[in-house]
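Got your viewer open? Load the model and keep the selection panel handy; we'll go stop by stop.

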Amino acid sequence: MRTREEVDATLQIAKLNAAELLPAVHCLGFGPGAGAAAGDFCLLELEPSLCQQLEAGHSLVIRGDKDEQAVLCSKDKTYDLKIADTSNMLLFIPGCQTPDQLKAEETHCNIIHTEVCRTVTILVFLLQIFGFSNNYWELRRCRPKLKKLKKLLMEDAYEGPDSQKEKDSNHSKYTTEDLLNQVQASEEEIMAQLQVLNACEIEGYWRILDFDYEMKLLNHITQLVDSESWSFGKVPLNTCLQELGPLEPEEMIEHCLKCYGKKYIEEGEVYFELSADKICRATAQMLLQNAVKFNLAEFQEVWQQSVPEGMITTLDQLKGLALVDRQSRPEIIFLLKVDDLPEDNQERFNSLFSLREKWTEEDIAPYIQDLCGEKQTIGTLLTKYSRSSIQNGVKVYNSRRPIS
């Protein structure tokens, strides 16, 4: 260890004025285990909110299969992990104090001897860990990768308690823990997406209803509303369960009401206000799913006749579900679900531009809205992944790169 005299001599040789330096000097020495490879340690740079979560006892989880780019998840957010190299060696010094800390303690001119130690610590904070490194992991907020969630659940869509699939135990089923282990998203993001997918828990497993079975349940409900002359804005839960319970499980009837309506309580009774837009949209999907293309005029006529009396169908109800081709003669409509498109930005645009060379913003917006990240707009995405032009007085967008 250096003495005060040796430090003063070093300052003199370096022609440094001690009065212009900080009042404390750290003399660094390498401990016996400090010569090991820097790769033994991983540095992770965290934003203050994540540091606070760890200090409060919460966990951060790295998720991803071998063929996936790893992401880090907090309880409610997802982050990409990127390695950042630095030309300066980063030293991990236990007990090291910053100039502000030393100033707060009114430290006088002292010599503090510190050794750089090595310990078995993998996930660490800057200034709170041991060892050295030439790089670190930095986090970048990203969209949760939720497409896999629907793919997993669709492996065994629920077709009702009497279906043959329910009697066969070989089909894959997933608990909350299973989904957390396989989907690259935070717990809150996964739970929110399960609600979007209208998934429900059956005997401890998350399931998506088979669309035909879902429509069967919905048909039971709408027929009951019609036979009882109820308003779609006031459907009583208990009466529905009593009337339809002999036909389908009560929990499935209630789940269907939750999917297509909004629950409220009036005078102690539970009611549901059914959404006309959701019912019309589901009916359109039922009509379109078995047809490659549908004459638009004929479809609109059949669609209006197929929905419950009093509901009005509009093409705005089909955003992100179906696409209208007004250039063909006659005009046609076909099923194009945003859920079936690639999750990656560039792949999504490639898929859309291979389907149609030029898009108006109105047509393409429903198919790229979910790609918008924080502080990002549809216009930003179109600027990055497409080029615009004017066609017959209307702005249209086409691909920036050739589409094979």
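Start with everything selected: of the 404 residues in the chain, 38% are buried (under 20% relative accessible area with a 1.4 Å probe on protein chains only; over 50% is exposed, and partly exposed is in between). Before you zoom in, note that this is a predicted model, where local features need pLDDT of at least 70, side-chain atom pairs count only at pLDDT 80 or more, and totals for chains, interfaces and linings use all residues. Residues are numbered from 1 along each chain as its sequence is written, and side-chain values use heavy atoms, with hydrogens and water left out.

Switch to cartoon and you get 15 helices and 18 strands (DSSP runs numbered from the N terminus: H or I of at least four residues for helices, E of at least two for strands). Among the contacts (heavy atoms within 4.5 Å) with a separation of 6 or more, 64% link residues 24 or more positions apart.

**Stop one: H220.** Select residues 211-227 to get helix α8, home of H220. H220 is buried, at a relative accessible area of 19%. Leaving aside residues up to four places away in sequence, H220 touches L244, L247 and E248.

**Stop two: a small sheet.** Now pick β11, β13 and β12, which form an open sheet in that order with antiparallel pairing (two strands pair if DSSP finds at least two bridges between them). β11 (235-236) and β12 (261-266) are the edges; each has a single partner strand, so one side of each lacks a neighbour in the sheet. Two bridges join β11 to β13 (residues 269-274), and P236 sits opposite Y271 in β13.

**Stop three: the second largest pocket.** Which residues lie nearest its centre? Select V324, R326, R356, T360 and D363, out of 25 that line the second largest pocket (an open set of 1 Å grid points over the protein atoms alone, with protein on both sides within 12 Å along at least five of seven lines; lining residues have an atom within 4 Å of a point). The space in this pocket is about 660 Å³. β15 (322-325), α14 (361-368) and β18 (394-399) each supply at least two lining residues.

**Last stop: S386.** Select strand β17 (residues 386-391), where S386 lies. Buried or exposed? S386 is buried, with a relative accessible area of 2%. Its side chain reaches the backbone oxygen of L382 at 2.5 Å. Not counting residues up to four places away in sequence, S386 touches F353, L381, Y397, N398 and R400.

Key
On a 1 Å grid over the protein atoms alone, a cavity is a set of points where a 1.4 Å probe fits but cannot get out, and a pocket is an open set with protein on both sides within 12 Å along at least five of seven lines; lining residues have an atom within 4 Å of a point. Grid points are joined across faces, edges and corners, and a volume is the space filled by probe spheres set on the points. A polar contact is a pair of N or O atoms within 3.5 Å; within protein, one must be able to donate a hydrogen and the other to accept it, and residues adjacent in sequence count only if both atoms are side-chain atoms.
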